Amino acid sequence: MCTLALIGTALSVGGALVEGQQSRQMADYQARAYEQQAQADAQAAAFEQAQERHKQDLLLSQARARAGASGVALSGSPSEVLAANARQGQLDIKAIQYGSQLRQNNLTTQAAISRFSGRQAAAASIFRAGGNLVSGLSGLYDPKKAVTFGNSAFPPAPGGGLY
């Protein structure tokens with residue numbers, strides 16, 4: 001009976017430790033997934049910025065061509081319009097970059113939170129395993145079968161003294 005209780009306690013302790021390690025591994029996996037998402041977002045934003053720059057360059061070229069075809073000189077109002085359009089294009093590109101940076105920061109934070117929760121799960125499993133160990137070992141103690149010290153096989157002397 002004692003052996004089965006010890007085996008059960010050992011399995012309970014081992015199970016708690018394995019559960020904690022598995023939770024930590026899962027949290028690390030999730031953290032890596034968040035980091036990969038952040039990297040993919042950075043790449044997508046770089047592509048989107050390049051596309052926006054190309055679009056802005058085309059619009060600027062078309063505006064210059066129209067102005068030149070109409071015989072208007074590229075000074076004064078037309079050049080101011082082209083400069084304003086270029087500034088707006090730069091703002092659009094910066095907005096893409098800013099949005100991407102926010103998403104990347106969020107994903108990086110999620111990765112850190114996931115790793116932290118994994119470490120917490122591993123630490124909690126150690127305490128749970130310790131609790132299971134103490135609980136299991138305390139269940140093995142039977143006060144009826146315990147050896148007691150200091151008791152004599154002889155009854156005490158009358159009056160409390162020696163015979």
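Is Arg 103 buried, partly exposed or exposed? Arg 103 is partly exposed, because its relative accessible area is 40%, and the scale behind that word calls a residue buried under 20% relative accessible area, exposed over 50%, and partly exposed in between, with a 1.4 Å probe and protein chains only.

Before I go on, I should say that this is a predicted model, in which local features need pLDDT of at least 70 and side-chain atom pairs count only at pLDDT 80 or more, whereas totals for chains, interfaces and linings use all residues. Residues are numbered from 1 along each chain as its sequence is written, and side-chain values use heavy atoms, with hydrogens and water left out.

Let me stay with Arg 103, which forms a salt bridge with Asp 41, the closest N and O atoms being 2.8 Å apart; a salt bridge here is a side-chain nitrogen of Lys or Arg within 4 Å of a carboxyl oxygen of Asp or Glu. This pair links distant parts of the chain, since Asp 41 sits in helix H1 and Arg 103 in helix H2, 62 residues apart. Helices in this account are DSSP runs of H or I with at least four residues, numbered from the N terminus. Asp 41, for its part, is buried, because its relative accessible area is 15%.

How many salt bridges does the structure hold? The structure holds three, and another of them joins Arg 115 to Glu 35, with the closest N and O atoms 2.8 Å apart. Here too the pair links distant parts of the chain, with Arg 115 in helix H2, Glu 35 in helix H1, and their positions 80 residues apart. Both partners are partly exposed, Arg 115 with a relative accessible area of 25% and Glu 35 with one of 37%.

There is also a salt bridge between Lys 55 and Glu 52, whose closest N and O atoms are 3.7 Å apart, and these two residues both lie in helix H1, three residues apart, which is about one turn of the helix. Glu 52 counts as buried because its relative accessibility is 12%, whereas Lys 55, at 43%, counts as partly exposed.

Glu 52 has further partners, and a polar contact of 2.7 Å joins its side chain to that of Gln 56; such a contact is a pair of N or O atoms within 3.5 Å, of which, within protein, one must be able to donate a hydrogen and the other to accept it, and residues adjacent in sequence count only if both atoms are side-chain atoms. Leaving aside neighbours within four places in sequence, Glu 52 is in contact, meaning heavy atoms within 4.5 Å, with Asp 92, Ile 93 and Ile 96.

Now to the nonpolar residues. Which residues make up the largest nonpolar core? They are Ala 31, Tyr 34, Ala 38, Leu 107 and Ala 111, five residues in all, where a core is a set of buried Ala, Val, Leu, Ile, Met, Phe, Trp, Tyr and Cys residues joined through side-chain atoms within 4.5 Å. Helices H1 and H2 each supply at least two residues of this core, and H1 gives the most, with three. Ala 38 touches Gln 104, Leu 107 and Thr 108, not counting residues up to four places away in sequence.

Finally, Ala 124, in helix H2 (residues 77-140), is partly exposed at 33% relative accessible area, and its C-alpha atom is separated by 9.9 Å from that of Glu 19, although the two are 105 residues apart along the chain.
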